[in-house]
Amino acid sequence: MKAAVVFQKGQIPQYADFPDPELNQENQSMIWVKAASIKHLDRARAGGTHYSTENQKHEPTIIGSDGVGVLEDGRKVYFFSKKGTVAEKAIADQKMIVPVPDELDMATAAALPNAVMGSAMGLKCKAKLQPGETVLINGATGVTGKVAVQIAKLYGAKRIIVTGRNEEALQSLYEMGADEVISLQKKDEEFRQRIKDIHQETPIDVVLDYLWGHSVEMILSSLKGEGNFSHRTRLVSVGGMSGDTIQLSSQILRGTDLHISGSGLGSWTPEEFKMLLTEIIPEMFQAAVQNKVKIETETIALKEIETIWKNEIQNGKRLVVLI
């Protein structure tokens, strides 16, 4: 079969022949792949820089961690696979397969789940967002941040505040459900003051963060209590695009009813991951069919993988390989 294969660690994936996968367990299914998205995770693993691969001995590997395809009986499904997905065929554990509505196009079905994992899981499982609450999404102009705005609205958020650096992308978030946008290009004091003002007007219940770094330091200082009873705020870290560490004053923790957690594969419980597959992703597929959740994609053919690999994809779009 044809596949996108990394033959040497750090090498660009090659469009090449690769042995067909073989079923060797009763709980596995063969999938004829039709589309697979390319995420930061896939690029890092392919380049050998992700923590899950940096100490492994490299062998020729098919890139990709999830995809959309059809089973032998013709049913359309989304799936995870540790054996690679950017190929004509893949094998997946039957517990890692999710039905895809016939009405949903392959590119959207391939692109949406990863963004759902990076948004709905944080909002629903970690922040436990309730209808009527106020949400601040820090770094909302990327693919997952845009989906997070829409999902927060679906989950009943009363007010959604978003931050980001790209002014054009920030303004587009109004159409997706944002109530206010705050540019991260503002001066620090101006940014902090606006967060303080918002927190006084409609206390911020949830902060969903994709950046970490300095912007989170400013947000936390803006939420700091002043010796009186403070509003409870749940901050969920999903990404660290602006840095992996922050300076956190102990006074903020002592003076603020603040709950900090993270959302990612290592922080989810088995029950939460099962909910992702059986409830959350199917719910968001239906929302996409009804145009309540949208994700922008840029598609390429499998044979183009070598030429597109190092190209910059337009901000806010997910690259999807059609097979």
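Here is a short walk through this predicted model, one selection at a time.

**Stop 1: the sheet.** Start with the strands. Six of them, in the order β11-β10-β9-β12-β13-β14, make an open sheet with parallel pairing. Colour β11 (180–183) and β14 (258–262) separately: these are the edge strands, each pairing on one side only. Going from one strand to the next, the twist averages 15°. Now zoom in on β13 (residues 233–237), which runs parallel to β14 and is joined to that strand by 5 bridges. Pick Ser 237 and you'll find Gly 262 of β14 standing opposite.

**Stop 2: helices on the sheet.** Bring in α4, which lies across β9, β10 and β12 and runs at about 170° to β10. Then add α6 (residues 188–201): this helix lies across β9, β10, β11 and β13, at about 155° to β11.

**Stop 3: the core.** Show Ile 137 and Val 162 as sticks. Within the largest nonpolar core, which has 55 residues, these two have the most contacts. Elements that each supply at least two residues of this core include β6 (76–80), α2 (106–117), β12 (206–209) and α9 (270–289). The largest share, 9 residues, comes from α9. What surrounds Val 162, leaving aside its neighbours within four places in sequence? Among its contacts are Leu 136, Ile 137, Ala 140, Val 149 and Leu 170, plus Glu 180. There's also a second, separate core of 19 residues; select Ile 182, Leu 211, Met 218 and Leu 223 to see some of it.

**Stop 4: salt bridges.** The count here is 15. Try Lys 126 and Glu 272 to begin with, whose side chains meet at 3.3 Å, N to O. Lys 126 sits in α3 and Glu 272 in α9, 146 residues apart. Is each end buried or exposed? Lys 126 is partly exposed at 21% relative accessible area, while Glu 272 is buried at 12%.

Next, select Glu 201 and Arg 159, a salt bridge of 3.5 Å, N to O. Glu 201 is in helix α6 and Arg 159 in strand β10, so this pair ties together parts 42 residues apart in sequence. Arg 159 counts as buried at 15%, and Glu 201 as partly exposed at 46%. Add Glu 180 and Arg 194 to the selection: with Arg 159 and Glu 201, they are linked in a network of salt bridges.

Last stop: Arg 232 and Asp 257, with their closest N and O atoms 3.1 Å apart. Arg 232 lies in the loop between α7 (213–223) and β13, and Asp 257 in the loop between α8 (250–255) and β14, so the salt bridge ties together parts 25 residues apart in sequence.

How values were computed. Residues numbered from 1 in each chain as written. Predicted model: local features only at pLDDT ≥ 70, side-chain atom pairs only at ≥ 80, totals over all residues. Heavy atoms only, no water. Core = buried A, V, L, I, M, F, W, Y, C linked by side-chain atoms within 4.5 Å. Buried < 20%, exposed > 50% of the residue type's maximum accessible area, 1.4 Å probe, protein only. Helix = DSSP H or I, 4+ residues; strand = E, 2+ residues; numbered from the N terminus. Contact = heavy atoms within 4.5 Å. Pairing = 2+ DSSP bridges. Axes fitted to C-alpha atoms, helices over the stretch in contact; angles between N-to-C directions. Salt bridge = Lys/Arg side-chain N within 4 Å of Asp/Glu carboxyl O.
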